[in-house]
Amino acid sequence: MDPLSPAPPRPAYFDPALGAWVLSRYADIIAALHEPALRQETAPGRASEEPPDVRAKLLEALSSTKLKQWQQA
């Protein structure tokens, strides 16, 4: 095997040195991304919150009133 070639995909396994699961097969990665139990946590025992509504925040930040204030400054 060529040392520069990527390793062939293999079933998911836990690597104790990394302290993490290693996923190399497409099917395993897709399954993990769709698994609610694997959501990133922000604090112990508390699941991360839903992503902020970026569009609403941009509309608020760029309201016509605020744009006029910036133009007058």
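A nonpolar surface patch, as the term is used here, joins nonpolar side chains within 5 Å of each other, taken from residues with over 30% relative accessible area and no salt bridge. In this predicted model, one such patch covers about 770 Å² and is built from Phe14, Trp21, Leu23, Tyr26, Ile29, Ile30 and Leu33. Helix H1 chips in the most, with four residues. That helix runs over residues 26-33, and Leu33 is one of its members. Leu33 counts as exposed because its relative accessibility is 67%, and the cut-off for that label is over 50%.

Stepping back to the whole chain, the protein has three helices and four strands. Read from the N terminus, the order is β-β-α-β-β-α-α. Not much is tucked away: of the 73 residues, 4% count as buried. The exposed surface comes to about 6,900 Å², and 61% of that is supplied by carbon and sulfur atoms. As for contacts between residues with a separation of 6 or more, 0% of them link residues 24 or more positions apart.

Asp28 is worth a closer look. This residue also sits in helix H1, yet Asp28 is buried, because its relative accessible area is 18% and the label applies under 20%. Which residues does Asp28 touch, leaving aside its neighbours within four places in sequence? The list is Arg10, Pro11, Ala12 and Leu23. With Ala12 there is a polar detail to add: a polar atom of the Asp28 side chain lies 3.5 Å from the backbone nitrogen of Ala12. Leu23, for its part, turns up again among the residues of the nonpolar patch.

Asp28 also has a charged partner. How many salt bridges does a search of the whole structure find? The search turns up one, and it pairs the side chains of Asp28 and Arg25, with a distance of 2.8 Å from N to O. The two ends of this bridge carry separate labels. Asp28 counts as buried, since its relative accessibility is 18%, whereas Arg25 counts as partly exposed because its value is 35%, which falls between the cut-offs of 20% and 50%.

Taken together, helix H1 holds Asp28 as well as Leu33. Through Asp28, there is a salt bridge to Arg25 and contact with residues including Arg10 and Pro11. Helix H1 is also the element that gives the most to the nonpolar patch.

Definitions and conventions
Residues numbered from 1 in each chain as written. Predicted model: local features only at pLDDT ≥ 70, side-chain atom pairs only at ≥ 80, totals over all residues. Heavy atoms only, no water. Helix = DSSP H or I, 4+ residues; strand = E, 2+ residues; numbered from the N terminus. Buried < 20%, exposed > 50% of the residue type's maximum accessible area, 1.4 Å probe, protein only. Contact = heavy atoms within 4.5 Å. Areas by Shrake-Rupley, 256 points an atom, 1.4 Å probe, with all protein chains shown as cover. Polar contact = N/O pair within 3.5 Å; in protein donor to acceptor, adjacent residues only side chain to side chain. Patch = residues over 30% accessible without salt bridge, like charges linked within 9 Å, V, L, I, M, F, W, Y side chains within 5 Å. Salt bridge = Lys/Arg side-chain N within 4 Å of Asp/Glu carboxyl O.
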